[in-house]
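Below is a set of questions and answers on a structure, with each answer worked through before it is given.

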Amino acid sequence: MTATDGMEARYRDGDTEQRIAVLEDLNRHAYDGALADDEREAGLGLVRDALRANDPRLVSAAMGAFAGRHLGDHDWRHGVMKLVFMEVPLTTVDRLVDRRDAELSRMAADLAEEREAAGRPVPDDLRSLLPPVGAAREEGR
Amino acid sequence: MRIFDPHIHMSSRTTDDYEAMYAAGVRALVEPSFWLGQPRTSVGSFVDYFDALTGWERFRASQFGIRHHCAVALNPKEANDARCREVLAELPRFLRRESVVAIGETGYDSMTAEEDEVLEAHLALGVEHRLPVIVHTPHRDKKYGTRRTLEVIAESGIEPGLVVLDHLNEVTIEMVKESGAWMGFSIYPDTKMDPHRMVALLQRYGTERVLVNSAADWGRSDPLLTAKTGAAMLDAGFDAADVDRVLWQNPVEFFAQSGRLDLTPLPGFALANAPETFSGNSVRRGGADATVPAVPEAAR
Ligand SMILES: [Zn+2]
């Protein structure tokens with residue numbers, strides 16, 4: 001019996017609320033060492049599945065601690081940008097400050113350019129991802 | 001005003017929409033295959049969906065005087081699910097159907113390696129079957145994604161004139177125009193593009209190779225935004241022939257490359273007004289027939 005026993009089946013057979021509960025289980029165990037390698041791989045598959053959803057509750061649960069620790073940079077950045085599109089506050093994203101990098105700022109700057117060209121406002125969360133004014137793009141920390 | 005909506009997801013819409021579209025001048029449309037909002041988990045649900053598009057939905061449209069054609073593809077999001085990938089092998093038998101006039105929508109969502117492979121596979125099918133391809137450009141990272149899409153199109157060897165890149169905006173139009181591909185614009189109530197921004201783009205870049213669609217689906221959208229864009233064009237000083245070019249002749253030219261478009265009026269229904277009927281000095285400005293979604297007669 002492990003922390004995430006039957007997790008994949010619970011997700012696949014569950015309704016949206018049950019799927020969110022599985023993602024929250026993954027988030028709870030992101031740092032406690034309870035997840036075996038194969039469970040972590042399965043968890044990443046579920047997170048990627050949830051990140052393709054259009055329901056903001058699923059996307060935001062998928063961008064919690066488990067993704068913050070384990071999800072690759074490319075998918076993680078797209079998850080952040082998807083939340084911007086969904087107007088979900090980025091406070092929901094785990095480790096945003098540690099993981100934001102020059103590529104995420106580049107994506108944000110391109111989106112801000114589109115919004116400005118369209119005469120639409122640039123939301124605060126999007127603005128917060130832009131490269132720092134004056135400072136060169138060096139936040140690869 | 002006669003209208004051909006080159007991208008609309010009618011299976012997500014009601015019969016009221018069909019009636020209002022007919023009243024506004026819509027006589028033909030293309031429904032690309034897309035994401036249903038909920039992930040599919042097997043090839044069977046794609047096959048049944050394609051059957052519905054080429055069967056029931058086509059019939060439903062015909063009852064309202066609208067010629068329905070479709071495009072089939074594995075959409076970019078589900079390209080990432082191995083359980084759905086197998087549908088690629090099923091596409092060729094659908095591409096032989098007379099009601100299928102294109103491949104799509106394909107393209108990028110998150111720009112993964114899987115999406116690369118599936119986009120390439122669809123472009124190869126376009127070359128092989130000599131069919132137009134509808135390519136969706138991603139919402140996130142649109143500029144980079146559009147540039148990368150153009151590179152993949154160039155490498156595929158498909159003739160650019162056989163491809164439309166859709167959901168373009170002020171930032172992506174120029175690179176697509178230069179490539180020789182068609183430029184698609186989805187007019188939405190509040191996000192991707194609105195009628196006035198569309199008119200500004202037409203003033204700046206011209207009407208050649210431009211397709212305007214409503215991309216109406218299960219989200220907040222409006223199937224009459226094609227007509228409203230035509231009205232906005234007239235208000236801005238374009239003439240009826242320009243509107244006809246953008247809303248009718250361009251999509252006809254693009255999809256006629258399939259050799260399968262059927263644009264004869266359906267029995268019991270009339271042709272929409274071609275521009276001759278209000279040409280010369282009697283051009284009707286303001287597009288009165290476009291903005292009033294009246295539902296005069298039930299077409300059942
Ligand atoms: Zn679409």
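Q: In what order do the elements of chain A run from the N terminus on?
A: In this predicted model, the secondary structure of chain A comes to nine helices and zero strands. Read from the N terminus on, the elements of chain A therefore contain no strand, since strands are DSSP runs of E and none was assigned here. The order is α-α-α-α-α-α-α-α-α.

Q: How many helices and strands are there in chain B?
A: Chain A was given zero strands, whereas chain B has both kinds of element. The assignment for chain B is 12 helices and eight strands.

Q: What radius of gyration does chain B have, and what would a compact globule have?
A: The C-alpha atoms of chain B fill a box of roughly 55 × 40 × 35 Å along the principal axes, and 61% of its 300 residues count as buried. For 300 residues, a compact globule would have a radius of gyration near 19 Å, and the value for chain B agrees with this, being 18 Å.

Q: What share of the contacts in chain A between residues at least 6 apart in sequence join residues at least 24 apart?
A: Chain A has 141 residues, of which 49% count as buried, and its C-alpha trace spans about 55 × 30 × 20 Å along the principal axes. Contacts here are heavy atoms within 4.5 Å, and among those between residues at least 6 apart in sequence, the share in chain A that joins residues at least 24 apart is 65%. In chain B the corresponding share is 76%.

Q: How many disulfides does the structure hold, and why is B:Cys70 not bonded to B:Cys84?
A: A disulfide needs two cysteine sulfur atoms within 2.5 Å. The closest cysteine sulfur to that of B:Cys70 is in B:Cys84, and because the two are 18 Å apart, they are too far from each other for a bond. B:Cys70 counts as buried at 0% relative accessibility, and B:Cys84 is likewise buried, with a relative accessible area of 0%. Over all chains, the number of disulfides is zero.

Q: How far apart are the centres of the positive and negative side chains of chain A?
A: Chain A exposes about 6,800 Å², of which carbon and sulfur atoms supply 49%. Its charged side chains comprise 20 positive and 29 negative ones, and the distance between the centres of the two sets is 2 Å.

Q: How far apart are the mean positions of the positive and negative charges of chain B?
A: Chain B exposes about 11,000 Å², with 51% supplied by carbon and sulfur atoms. It has 31 positive and 43 negative charges, and the separation of their mean positions is 1 Å.

Note on methods: Residues are numbered from 1 along each chain as its sequence is written. Chains are lettered from A and ligands numbered from 1 in the order in which they are written. This is a predicted model: local features need pLDDT of at least 70, side-chain atom pairs count only at pLDDT 80 or more; totals for chains, interfaces and linings use all residues. Side-chain values use heavy atoms; hydrogens and water are left out. Buried means under 20% relative accessible area, exposed over 50%, partly exposed in between (1.4 Å probe, protein chains only). Helices (H or I, at least four residues) and strands (E, at least two) are DSSP runs, numbered from the N terminus. The radius of gyration is taken over C-alpha atoms; the globule rule is 2.2 Å times the number of residues to the power 0.38. Accessible areas come from the Shrake-Rupley method with a 1.4 Å probe; for residues, only the protein chains shown count as cover. Lys and Arg count as positive and Asp and Glu as negative; His and the chain ends are not counted. The place of a charge is taken as NZ of Lys, CZ of Arg, CG of Asp or CD of Glu.
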